[in-house]
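Student: I would like to learn how to read a structure feature by feature. Where do we begin?

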Amino acid sequence: SDIVVPEWLQDVLLGYGDPASTHYTALQPLKEVDFNDTFLDQQHLRDSFPGRTFEFRPNFKGNVEPPFRVTFPDDKDDKNSPLVAKSYLPEDPGPYPERARKTNSVRFTDVQVSAILSGTNEGLTQVVGP
């Protein structure tokens with residue numbers, strides 16, 4: 001029979017697997033994540049990953065500004081390698097004001113950014129609100 005439950009979730013769903021095995025870090029996390037408008041500026045990106053260093057790459061106009069695509073090291077336990085933040089220019093929406101890109105104005109905390117990162121990867125993400 002065709003099972004629609006992902007393979008990484010089946011054992012946990014049936015009650016005999018390790019729940020930690022469904023966290024994105026235990027699976028195959030994405031090497032590059034497009035955070036779109038999550039970060040307001042370079043400092044916000046730095047503050048969102050405390051203890052990490054960054055290598056910033058400008059967009060084709062030579063600017064380092066949001067949005068960013070962040071590339072993570074191949075070894076997920078490697079905390080010494082810098083994260084590579086590539087600035088890019090989003091697609092031009094055209095001349096119509098109603099099609100202008102809406103951007104984020106919220107300075108997310110490092111915990112909120114961690115939840116965003118977890119949610120973009122395969123695996124279970126639990127977010128507890130106030």
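Tutor: Begin with the core. This is a predicted model. Its largest nonpolar core has 15 residues, and the members that touch the most others are Phe-35, Phe-39, Leu-45, Phe-49, Phe-54, Phe-72 and Leu-117.

Student: Which elements supply at least two residues each to this core?

Tutor: Strands E2, E3 and E4 do, and so does helix H3, residues 110-120.

Student: How are the strands arranged, and what is the order in the sheet?

Tutor: Read the order from one edge to the other. The sheet is open, has 4 strands and runs E1-E3-E4-E2, with mixed pairing. E1 and E2 are the edge strands; each has a single partner, so one side of each lacks a neighbour in the sheet. On average, neighbouring strands are turned by 20° against each other, direction ignored.

Student: The pairing is mixed. Which strands run parallel to each other, and which pair in the antiparallel sense?

Tutor: Take E4 and look to each side. E2 and E4 run parallel, joined by 4 bridges. E3 and E4 are antiparallel, also over 4 bridges. As for cover, 4 of the 5 residues of E4 (83-87) are buried, so the strand is mostly covered.

Student: Which residues stand opposite each other across these pairings?

Tutor: Go strand by strand. From E2, Phe-54 stands opposite Leu-83 in E4, and Phe-56 stands opposite Ala-85 in E4. On the E3 side, Phe-68 has Ser-87 of E4 as its bridge partner.

Student: Which side chains of E2 point to the buried face?

Tutor: Follow the alternation along the strand. Phe-54 and Phe-56 point to one face and are buried. Glu-55 and Arg-57 point to the other face and are not buried.

Student: What does Phe-54 touch, leaving out residues up to four places away in sequence?

Tutor: Its contacts are Leu-45, Arg-46, Phe-49, Pro-82, Leu-83 and Ala-85. Leu-83 is also the residue opposite Phe-54 in E4. Leu-45 and Phe-49 appear again among the core members that touch the most others.

Student: Now the rings. How many aromatic pairs are there?

Tutor: The count is 7. One of them joins Phe-49 and Phe-54. Check distance, then angle: the centres are 6.1 Å apart and the planes are at 65°. That angle is over 60 degrees, so the pair is edge-to-face.

Student: Are these two rings buried or exposed?

Tutor: Compare each value with the cut-off for burial, under 20% relative accessible area. Phe-49 has 11%, so it counts as buried. Phe-54 has 15%, so it is buried as well.

Student: Which residues form the aromatic cluster?

Tutor: One cluster holds Phe-35, Phe-39, Phe-49, Phe-54, Phe-56, Phe-68 and Phe-72.

Student: Which charged residue lies over the face of a ring?

Tutor: Look at Arg-69. Arg-69 lies over the face of Tyr-88, at 3.8 Å from the ring centre.

Student: Let us turn to the backbone. Where is the peptide bond cis?

Tutor: Read omega. From Pro-66 to Pro-67 the peptide bond is cis, with omega near 5°. Pro-67 belongs to the loop between E2 (54-57) and E3 (68-71).

Student: Which residue has a positive phi although it is not a glycine?

Tutor: Asn-36, with phi of about 50°. Asn-36 is in the loop between E1 (32-34) and helix H2 (42-48). The relative accessible area of Asn-36 is 36%, so this residue is partly exposed.

Student: What brings a loop residue such as Arg-107 into contact with other parts of the chain?

Tutor: Begin with where it sits. Arg-107 lies in the loop between E4 and H3. Leaving aside neighbours within four places in sequence, Arg-107 contacts Leu-40, Asp-41, Gln-43 and His-44. Then set sequence against space: Arg-107 and Thr-38 are 69 residues apart in sequence, but 8.1 Å apart from C-alpha to C-alpha. With a relative accessible area of 43%, Arg-107 is partly exposed.

Student: Last case, Ser-118. Is this residue buried or exposed?

Tutor: Ser-118 is buried, with a relative accessible area of 6%. Ser-118 is in helix H3. Not counting residues up to four places away in sequence, Ser-118 touches His-23, Tyr-24, Leu-124 and Thr-125.

Conventions. Residues numbered from 1 in each chain as written. Predicted model: local features only at pLDDT ≥ 70, side-chain atom pairs only at ≥ 80, totals over all residues. Heavy atoms only, no water. Buried < 20%, exposed > 50% of the residue type's maximum accessible area, 1.4 Å probe, protein only. Phe/Tyr/Trp six-rings, centres within 6.5 Å; stacked < 30°, edge-to-face > 60°. Lys NZ or Arg CZ within 6 Å of the ring centre and 35° of its normal. Pairing = 2+ DSSP bridges. Core = buried A, V, L, I, M, F, W, Y, C linked by side-chain atoms within 4.5 Å. Contact = heavy atoms within 4.5 Å. Axes fitted to C-alpha atoms, helices over the stretch in contact; angles between N-to-C directions.
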